[in-house]
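Subject: Structure for your review

Dear colleague,

Please find below the structure that I am handing over to you. My notes on its side-chain contacts follow, and I would be grateful if you read them alongside the model.

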Amino acid sequence: MIIIGAGPIAIEMAQSFCRLGTKVDVVQRSGQILSKEDKDMADIVMDVLKNEGITFHMNSGLAGVKDLGAEKEVLIKTQDGSTESLKAEQILVALGRQVNVKDLGLEGISLDFDKKGIKVDNRMRTNHKHIYAAGDITGAYQFTHAAGYEGGVALSNAILHLPKKADYTYLPWATFTDPELASIGMNEKRAREAGIEYSVWTEEFKANDRSLAEGEEIGKIKMILDRKGKPVGIQILGPQAGELLGEWVAVLNGGVKLSTLASAVHPYPTLGEINKRVVGNYFSGKIFSEKVKKTLKFFFHFKGRACK
Ligand SMILES: Cc1cc2nc3c(=O)[nH]c(=O)nc-3n(C[C@H](O)[C@H](O)[C@H](O)COP(=O)(O)OP(=O)(O)OC[C@H]3O[C@@H](n4cnc5c(N)ncnc54)[C@H](O)[C@@H]3O)c2cc1C
């Protein structure tokens, strides 16, 4: 199978078909798979998939497709300008989804839409204030949980008459490869785009006892903090990453302080300890600062390892 595109669906399908025994080639125009994610995280996923036997054709544009009968041929233009031929039984086109507003008669009522979807404001109202739209049809965030959230916002405004606005600041998502890649808030790419000053804190799954006990050594958690040390985003690549993100959904939406998370007892041995450990890495830098070390030395003549 040749998979064209390397977004979440392309990559999930690539691994699924590969594990079912299909030889899979992935053709990607840019130099990174899962292009919304940070490259360091996406590259780890790509390495895992390569090790499972998937072939990636990166920086390769589509030059043509031919039906040869029993086989199909995909011509790709590689970065050096040469054309390469790939042949397979099946082609999976995973270049994104388009909204389908055909036969809804939207033109007849002059409802605003374009090829990206039906236009709505943050209360999910269309240009006709008594007509609402939610989900993929609005072309915004194409996830089941986004559709559910937007449906709730529409319901609140339309039926309950409680003004409610959709806010996507902490909309999480996950790519269900093995290992999973889950994300909420800003990653480094989005922080750079927003022009904010940020710092990155990480913790690896190979330092988590439960992960090791389950034979999982790949992956890490990445915590992005703003200039004031406030968490603005989390990325988790590893076992059960989508589940592990749940704690961060509560932390970010509830404005929970990092010190609360750091001092809250997590059961051992669990994957969830990684959430506490990454925060601990941030605080230990502060606790064992030169100033603190000097103060301790002064008062207690403290000469332990931390002083070196
Ligand atoms: C392969 C794949 C994997 C995905 N994996 C995930 C994932 O892991 N997590 C995630 O959050 N999202 C995932 N998604 C995206 C998710 O499926 C969509 O975002 C979600 O289904 C959107 O919900 P919706 O209600 O807006 O649209 P839909 O689920 O598409 O529902 C629209 C409904 O409207 C009906 N309909 C269409 N036209 C008419 C009409 N004229 N009259 C009446 N009914 C009509 C359709 O039949 C359909 O039942 C995935 C999508 C794909 C394709």
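Is Phe-143 buried, exposed or partly exposed? In this predicted model, the relative accessible area of Phe-143 is 25%, so this residue counts as partly exposed.

Aromatic contacts

The count of aromatic pairs comes to six. Among them is the pair of Phe-143 and Trp-173, which is stacked, with 5.7 Å from centre to centre and 15 degrees between the planes. The two residues are 30 apart in the chain, and their pair links distant parts of it. Phe-143 belongs to the loop between strand E9 (117–118) and helix H3 (144–158), while Trp-173 lies in strand E10 (residues 173–175). The two partners also fall into separate accessibility classes: Trp-173 has a relative accessible area of 12% and is therefore buried, whereas Phe-143, at 25%, is partly exposed. In addition, one aromatic cluster is formed by Tyr-141, Tyr-149 and Tyr-168.

Salt bridges

The model holds 16 salt bridges. Three of these deserve a description here.

The first to be described joins Glu-188 and Lys-222, whose closest N and O atoms are 2.9 Å apart. This pair, too, links distant parts of the chain: Glu-188 is in helix H4 (residues 188–194) and Lys-222 is in strand E13 (residues 220–226), with the two positions 34 residues apart. Which class of accessibility does Glu-188 fall into? With a relative accessibility of 18%, Glu-188 counts as buried, because the cut-off for that class is under 20%. Lys-222 is buried as well, its relative accessible area being 0%. Both residues belong to a network of salt bridges that links Asp-38, Asp-40, Glu-188, Arg-192, Lys-220 and Lys-222.

In another salt bridge, the side chains of Asp-25 and Lys-23 meet at 2.9 Å, N to O. Here a buried residue is joined to an exposed one: Asp-25 has a relative accessible area of 10%, and Lys-23 has one of 55%.

Finally, Arg-125 and Asp-121 form a salt bridge through their side chains, again at 2.9 Å from N to O. Asp-121 has a relative accessibility of 23% and so counts as partly exposed.

With kind regards

Conventions. Residues are numbered from 1 along each chain as its sequence is written. This is a predicted model: local features need pLDDT of at least 70, side-chain atom pairs count only at pLDDT 80 or more; totals for chains, interfaces and linings use all residues. Side-chain values use heavy atoms; hydrogens and water are left out. Rings of Phe, Tyr and Trp (its six-membered ring) pair if their centres lie within 6.5 Å; planes under 30 degrees apart count as stacked, over 60 as edge-to-face and the rest as tilted. Helices (H or I, at least four residues) and strands (E, at least two) are DSSP runs, numbered from the N terminus. Buried means under 20% relative accessible area, exposed over 50%, partly exposed in between (1.4 Å probe, protein chains only). A salt bridge is a side-chain nitrogen of Lys or Arg within 4 Å of a carboxyl oxygen of Asp or Glu.
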